[in-house]
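Reader: I would like to learn how to read a structure of this kind, feature by feature. Could you give me the general idea each time and then turn to the case in front of us?

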Amino acid sequence: MTPLGVWPGAAYPLGATYDGAGTNFSVFSEVAERVELCLIDRAGGEHRIPLDEVDGYVWHAYLPTVAPGRRYGFRVHGPYDPARGLRCDSSKLLLDPYGKAFAGTFTADATLHTYGADTLGHTMTGVVVNPYFDWAGDRPPRRPYHETVIYEAHVKGLTMAHPAIPRRLRGTYAGIAHPAIIDHLLSLGVTAIELMPVHQFLHDRILLDRSLRNYWGYNSFGYLAPHHEYAADPRAGAAVTEFKAMVRALHSAGIEVILDVVYNHTGEGNHLGPTIGLRGIDNAAYYRLAEDDPAHYMDYTGTGNSLNVRHPHTLQLIMDSLRYWILDMHVDGFRFDLAATLARELHDVDRLSTFFDLVQQDPVVSQVKLIAEPWDVGEGGYQVGNFPGLWTEWNGKYRDTVRDYWRGRPATLGEFASRFTGSSDLYEATGRRPGASINFVTAHDGFTLRDLVSYNDKHNHANGEDNRDGEDYNRSWNCGIEGPTDDPEVCALRDRQSRNMIATLALSQGTPMLLHGDEIGRTQQGNNNAYCQDSPVSWMDWGAAQKYADLLTFTRAAFALRRAHPVFRRRRFFDGRPGTPDELRGAGSDELPGAHAGDIAWFTPGGTEMTTADWNTGFARSLAVFLNGEAIAEPGPRGERVRDDSFLLCFNAHDAPLEFAVPGPEFGAHWTVALDCSTPTGRADATYSAATTVAVPARCLLVLRRSESTPISR
């Protein structure tokens, strides 16, 4: 290979940065004694260039002739003493922690795990990318949480079997940008798609040995690179451009893009895992090592290692990655996997840890959506409600309570009411609002909605772990028969339970998150841990959309009801106080029934307001809630008064039908059905008068809207 000109370059930015004329390379390693940049040619040959410039442990050089598409890696020379946590091995071609694209594949070769064995040809390589892209005036939607509906999806699973998407685009970023997907999201009222991990990840050797793959992708190693297998264009580095085009298309439809990010651990695993990057660059800086045995790793994630968020360069990697995805890739937010791990500075979870301080102070990262999965597998790791005020959280208590309520568990009324109204007990004390509660009934981890109502037990045998993996306690109910059945009564009950939970999700205060495919009855055949099932088991079966057409219609109707009525998506928590003239100022407000009745009221099915004894009745499974559209105190975006219809929601989780009393005329004279979970599409044509009763079928949610029109102002 012809020798290349080498300039000193700069220590910042880290990684490979093309400026239109050449590329600057830089990599951090405090432990290194010598670092080489390795340029890989098309034949797989290697040209090594010593990085002689070192500033603050950052090794760097500028190569004026290196352009986008060039493949590269690093070799780090230094001490190898695992007992002291030192794992440098110059025989390993190491991947750039700041790589923006990667090419090739990992083989199952033992060289990745063996000291002194060269990994060239058995590992991936970094790729220099072209940072220039025509965004065509792209602007972030910046939708507030109270107007947000999140759709959790997998890039491949969402698009792989869609008949309207060309085959070459299925399973890709371009597939998500296809009008068929965007139109489907818009029809549901989705405002943000939350993509399961798209950071470059690797497939575990143990899975490959079982002819399986790491389908979910929670095995990242490239925190600035979109996963290359999700690109329709096979050229090296093309995933970057394709990802940007996807974001641009979604933004043009008003849909935000949220990434599920895994900054708690990497795919290098435990001390027996492969050496592909951070381990060989500076093991002790990037990973939490056991204090009494540095040859091993602290593992708060159940995956073999935990990133060392106490080290400034690890924190810098995380923060630089977040800013890159916001500024260069235009994403709108992040969901942080096992986020409690990021708060562990010593051993305990510290809500005011350095990472959260940095996020709070960062003028870029602090302005996007930040969603925590507020737990990890370490001691004290369940931290729902304990994250700082800037953060929202996956509300695991909402999931558990809604499941328990609709399957008829006793003593759930009080908890259910709290979760339905936004979980003020969890979030109000830290100055947060209902939107801080990311409400969900199902997510990628666990049963789909169809499986939740079809299985009592997990059926994970296809994972090759003798059904030992996955959660054992699912709060599920098979409605009488385990798994598939043609029994008409069981099928009807399963359909109704699905509608109950979708409607509850859509009409709860907080930010709803719908799992992809739940709207068309997606099943994983009882597998509640399909992390390794890159197959039709996990992909959306779009053919089921015809079988479950009514469920799709119902889901659209439920979220359309939420979208049309601000009473279901308040910015502030209910306070239960009667309205005052100043709060309810506006022509004619005094004349409306219920205008000063308070913003919310709870009733027994008999029509009396709930007492402490009613809330504490363990066997009770039914209640009604009045939501007063005339008592919304918070102003609209331009300071205007927000007025809405009023609603009465009748929840019956009992196994028999119940008569619900319609409130007296002080709350409204006439009520019409807005959504009925006992009908396949939610539609029903019925009107009820004040102080009468309405029959609510067993295990059913019925939503009534007050039908009076607003008086003309005098």
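Author: Let us begin with the interior, keeping in mind that this is a predicted model. In soluble globular proteins, nonpolar side chains tend to be buried together. Here the largest nonpolar core has 169 residues, and Phe334, Phe336 and Leu649 are those with the most contacts inside it. Apart from this core lies another, of 16 residues, which includes Ala192, Ile258, Ile371 and Met513.

Reader: Which residues does Leu649 touch, leaving aside its neighbours within four places in sequence?

Author: Leu649 is in contact with Phe420, Leu507, Phe568, Leu623, Ala624, Val625, Leu627, Leu701, Leu702 and Val703, once neighbours within four places in sequence are set aside. Two elements that supply some of these residues deserve a closer look, namely strand 25, with residues 622-627, and helix 10, with residues 413-420.

Reader: How should I read the side chains of strand 25: which point one way and which the other?

Author: In a regular strand the side chains alternate between the two faces of the sheet. In strand 25, Ser622, Ala624 and Phe626 point one way, while Leu623, Val625 and Leu627 point the other way, and all are buried. Because six of the six residues of strand 25 are buried, the strand is largely enclosed by the rest of the structure.

Reader: Which strands pair with strand 25, and how many bridges join each of them to it?

Author: Strands of a sheet pair through backbone hydrogen bonds, either parallel or antiparallel. Strand 24 (residues 600-603) runs antiparallel to strand 25 and is joined to it by four bridges, whereas six bridges join strand 25 to strand 26 (residues 647-652), again in the antiparallel sense. Ala624 is a useful place to follow the pairing, for it is the bridge partner of Phe603 and also that of Cys650 in strand 26.

Reader: And helix 10: how many of its residues are buried?

Author: For a helix the general idea rests on its turn: an α-helix has 3.6 residues a turn, so residues three or four places apart point the same way. Helix 10 is mostly covered, with six of its eight residues buried, and these are Leu413, Phe416, Ala417, Ser418, Arg419 and Phe420. After helix 10 comes Gly422, whose phi is positive, near 105°.

Reader: What should I look for in a sheet, beginning with the order of its strands?

Author: One first traces the order and then asks which strands stand at the edges. An open sheet of five strands here has the order 4-3-7-11-10, with antiparallel pairing. Strand 4 (46-50) and strand 10 stand at the edges, each with a single partner strand, so one side of each is left without a neighbour in the sheet. Within this sheet, strand 3 (residues 34-40) and strand 7 (residues 71-77) pair over seven bridges in the antiparallel sense, and Leu39 has Tyr72 in strand 7 as its bridge partner.

Reader: Where is a hairpin to be found, and what lies in its turn?

Author: Strand 1 and strand 2 form a hairpin with four residues between them, and Gly20 in the turn has a positive phi of about 105°. Four bridges join strand 1 (residues 15-18) to strand 2 (residues 23-28), which run antiparallel, and Ala16 stands opposite Phe25 in strand 2. In the segment before strand 1 lies Pro13, and the peptide bond from Tyr12 to Pro13 is cis, with omega near 0°.

Reader: Turning to the loops, is Thr442 buried or exposed?

Author: Thr442 is found in the loop between strand 22 (437-439) and helix 12 (449-452), and its relative accessible area of 3% is why it counts as buried. Its side chain makes a polar contact with the side chain of Asp518, at 2.4 Å. By way of contrast, Thr114, in the loop between strand 10 (102-103) and strand 11 (125-127), is partly exposed, with a relative accessible area of 37%. Leaving aside neighbours within four places in sequence, Thr114 is in contact with Asp89 and Lys92.

Reader: Which residue other than glycine has a positive phi near 60°?

Author: That residue is Ser211, which is found in the loop between helix 4 (205-208) and strand 15 (220-226) and is exposed, with a relative accessible area of 69%.

How values were computed
Residues numbered from 1 in each chain as written. Predicted model: local features only at pLDDT ≥ 70, side-chain atom pairs only at ≥ 80, totals over all residues. Heavy atoms only, no water. Buried < 20%, exposed > 50% of the residue type's maximum accessible area, 1.4 Å probe, protein only. Pairing = 2+ DSSP bridges. Polar contact = N/O pair within 3.5 Å; in protein donor to acceptor, adjacent residues only side chain to side chain. Core = buried A, V, L, I, M, F, W, Y, C linked by side-chain atoms within 4.5 Å. Contact = heavy atoms within 4.5 Å.
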